[in-house]
Amino acid sequence: MDPRTAHDLESRYLMPTYRRAPVVFVAGEGCYLLDSDGRRYLDFVSGIATVSLGHCHPRVVGALSSQASRLWHTSNLFYTEPQLRLAERLAGLTGWGKAFFASSGAEAIECALKVVRKYWRIQGEDRTRIVALKNSFHGRTLGALSLTGQPPKRRPFEPLLPEIVFVDPIDPQLESCGDGVGAVFVELVQAEGGVHPLPPDSAERIARYCSETGALLVVDEVQTGLCRTGSWFAWQHERLWGDLEPDVFTLGKALGNGIPISACIAKEQVAGAFEPGDHATTLGGAPLAAAVACEVLAVMEQERLYEAARRQGDYLRRKLEEVAGVVSVRGLGLLLAAEIETDAASVVSRALEAGLLLNAVGERSLRFAPPLVITETEIDEGVEILSKALRETE
Ligand SMILES: Cc1ncc(COP(=O)(O)O)c(C=O)c1O
């Protein structure tokens, strides 16, 4: 299908919620995608930090096909082994935690909101207030949007959940949030907000506030989790955020490498607030997606992709810093953004024409989230196309 036909069909049959580039992808392998005209593109977006193992990783394809010919779905009225193995494996990465599986990042956040609510209900305390950060992004369902500190995304859908208080990530004035705070939700790198790591001092203030007041700390790792920033989870970067440890954290995106699966993981005493009937989703942790996620974790571990993210992230950062037109580079591991001198949307279009997928996260900011399996040669190729696109957009 050509892009013109795709646009025509979209305008007739799809809700107009996305602004799409004029390209139709038909196949992918490793860090490359192929369009309907047979053109190859180097993928520095990874389906928004999702296809961390690259497109059609042979081991993930193998796990998917073997599970697909055995069992897809039974509902959570019954046990299936892949879901239990996945939960066991995730707990092994932290040493604690019980999981609830869903299909999207926003649903993992909904689960976090509900488990926090139920936890305080059981304690007999009226702690329904939630603190979130300005400029945050937690998803598009009404609950997740209520925590999202970006007014243009919220405004058309107000009224949202009450009792959400936003604080500045640079100077979080937690003392002025009032009584009855049940939880603080944070992203340690605000990814959709422009790839801004939380300042260490803010993380320390948030962790201190939570330990002094008993408010639960919820870390949204939907984008940062699973090796992307150079450790299994961003909160494990002790050098940056001290010994900050969440009570609850969320995962999505990379967990299925493109197959829909997400998780909300809570410490035992928080998870134990739920009882049968409190929360559910039909497709959550279904064997097909769970088997894929188990294989994704196994590949990440065997290929030590947390190290690869650090190593290749450093390499990409150094290369980007040498490019004329790049003002600065920020981020962590293979979740980086470059501040540029020209209009980011125009650079993204030029790069697309030249065979590189990029994504703008601000008027003058580009995000880089390539597959974690990217090689130095592929990074060189992408940076070369970017330099040219920047020169042509001046
Ligand atoms: C930090 C964070 N939380 C939640 C979400 C929502 O995930 P989903 O789009 O899968 O609902 C996103 C999506 O970009 C995200 O970056």
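Is Asp201 buried, exposed or partly exposed? Asp201 comes out as partly exposed, with a relative accessible area of 44%. Here, buried means under 20% relative accessible area, exposed means over 50%, and partly exposed is in between (1.4 Å probe, protein chains only). Everything below comes from a predicted model, where local features need pLDDT of at least 70, side-chain atom pairs count only at pLDDT 80 or more, and totals for chains, interfaces and linings use all residues. Residues are numbered from 1 along each chain as its sequence is written, and side-chain values use heavy atoms, with hydrogens and water left out.

**View 1. Asp201 and Arg205 pair up in helix 8.** Their side chains meet in a salt bridge, 3.8 Å from N to O. (A salt bridge is a side-chain nitrogen of Lys or Arg within 4 Å of a carboxyl oxygen of Asp or Glu.) The two sit four residues apart in helix 8 (residues 200–213), so about one helical turn separates them. Helices (H or I, at least four residues) and strands (E, at least two) are DSSP runs, numbered from the N terminus. Elsewhere, Glu81, Arg85 and Glu88 are joined into one network by salt bridges that share partners. Search the whole structure and you get 20 salt bridges.

**View 2. Lys118 forms a salt bridge with Glu275 and another with Asp278.** In the pair with Glu275, the closest N and O atoms are 3.1 Å apart. Glu275 lies in the loop between helix 10 (268–271) and helix 11 (287–302), while Lys118 belongs to helix 5 (residues 105–123), so this pair ties together parts that are 157 residues apart in sequence. With Asp278, the closest N and O atoms are 2.6 Å apart. That pair also links distant parts of the chain, 160 residues apart. Lys118 itself is buried, at 17% relative accessible area; Glu275 is partly exposed at 49%, and Asp278 is partly exposed at 23%.

**View 3. Met300 and Phe368 touch the most other members of the largest nonpolar core.** This core has 89 residues, and helix 11 gives the most to it, with eight. (A nonpolar core is a set of buried Ala, Val, Leu, Ile, Met, Phe, Trp, Tyr and Cys residues joined through side-chain atoms within 4.5 Å.) Leaving out residues up to four places away in sequence, Phe368 touches Phe44, Leu316 and Leu386, among others; contact means heavy atoms within 4.5 Å.

**View 4. Cys210 has no disulfide partner, as the structure holds zero disulfides.** A disulfide is a pair of cysteine sulfur atoms within 2.5 Å. The closest cysteine sulfur to that of Cys210 is in Cys177, 10 Å away, which is too far for a bond. Cys210 is buried, at 7% relative accessible area.

**View 5. Seven strands make an open sheet with mixed pairing.** The strand order is 4-12-11-10-7-5-6. Strand 4 (98–102) and strand 6 (164–167) stand at the edges with a single partner strand each, so one side of each has no neighbour in the sheet. Two strands pair if DSSP finds at least two bridges between them.

**View 6. Strand 7 (residues 181–186) and strand 10 (residues 216–220) run parallel.** Four bridges join them, and Phe185 stands opposite Val218 in strand 10.
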